[in-house]
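Trainee: I'd like to go through this one and ask how each label was earned. Can you show me the model?

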Amino acid sequence: MRTVSTGIWRVSAISFAGILSATTGTGPIWSQRSTDLDLNVVAITPDRPIGEHANSERDVLLVVVEGEGTITINGVAHGFAAGEFIVVPKGARRSMAATSARFAWLTCHFQRPPLLPGKGPVYRA
């Protein structure tokens, strides 16, 4: 982790490599809140997909940070790999499945009740 000055305030730069290497867990493995945003890194394995659900309150940015998987949005499957991203509109039904050993992504959205960390140790910067 390193601290960066934005000219307005100081923020900490977080390493995806540090988060991902700190745990082999699944579910939310890292979470952070700012004044307005919720950030989570979520990981799944082929045997632990995330079933269909909807966020009726917020659009959600998903940035894939590890592996490959399928994100199904309103019944249409989309393949994604590390380095790719998508914005899921609020109200859209989505599910996720890993097609590699582990599939992990960063979620970013305006604040709502927090996710709870899943199995395994949680990375703390």
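Mentor: What follows is a set of questions about the labels used for this predicted model.

Trainee: How many helices and strands does the chain have, and how are they ordered?

Mentor: There are one helix and eleven strands. Read from the N terminus, the order is β-β-α-β-β-β-β-β-β-β-β-β.

Trainee: What makes strands 6 and 11 a pair?

Mentor: Pairing takes at least two bridges between the strands. Strand 6 (residues 60–66) and strand 11 (residues 103–110) are joined by five bridges and run antiparallel, so by that cut-off they count as paired. If you want a spot to look at, Val64 sits opposite Trp105 of strand 11.

Trainee: Which sheet do those two belong to?

Mentor: An open sheet of five strands, ordered 3-4-11-6-9 with antiparallel pairing. Its edge strands are strand 3 (27–33) and strand 9 (85–88).

Trainee: What makes those two edge strands?

Mentor: Each of them pairs on one side only. As for the twist, neighbouring strands in this sheet are turned by 20° against each other on average, ignoring direction.

Trainee: And what about the open sheet with the order 5-10-7-8?

Mentor: That one has four strands, again with antiparallel pairing. Strand 5 (50–54) and strand 8 each have a single partner strand, so one side of each has no neighbour in the sheet, and that puts them at the edges. Neighbouring strands here are turned by 20° on average too, direction ignored.

Trainee: How do you know that strand 7 and strand 10 are paired?

Mentor: Same test: at least two bridges are needed. Strand 7 and strand 10 (residues 93–98) run antiparallel and have five bridges, so they pass. One of the matches is Gly69 with Ala98 in strand 10.

Trainee: What makes Asn74 worth a look?

Mentor: Its phi is near 50°, a positive value in a residue that isn't glycine. Most residues other than glycine have a negative phi. As for where Asn74 is, look in the loop between strand 7 (68–73) and strand 8 (76–81).

Trainee: What share of the chain is buried, and what earns a residue that word?

Mentor: Buried residues are 34% of the 125 in the chain. The word applies when relative accessible area is under 20%.

Trainee: What does the exposed surface consist of?

Mentor: The chain exposes about 7100 Å², with carbon and sulfur atoms supplying 57% of it.

Trainee: How much of the contact count comes from residues 24 or more positions apart?

Mentor: They make up 68% of the chain's contacts with a separation of 6 or more. A contact here needs heavy atoms within 4.5 Å.

Technical notes. Residues are numbered from 1 along each chain as its sequence is written. This is a predicted model: local features need pLDDT of at least 70, side-chain atom pairs count only at pLDDT 80 or more; totals for chains, interfaces and linings use all residues. Side-chain values use heavy atoms; hydrogens and water are left out. Axes are lines fitted to C-alpha atoms, for helices over the stretch in contact, and angles run from 0 to 180 degrees between N-to-C directions. Buried means under 20% relative accessible area, exposed over 50%, partly exposed in between (1.4 Å probe, protein chains only). Accessible areas come from the Shrake-Rupley method with a 1.4 Å probe; for residues, only the protein chains shown count as cover.
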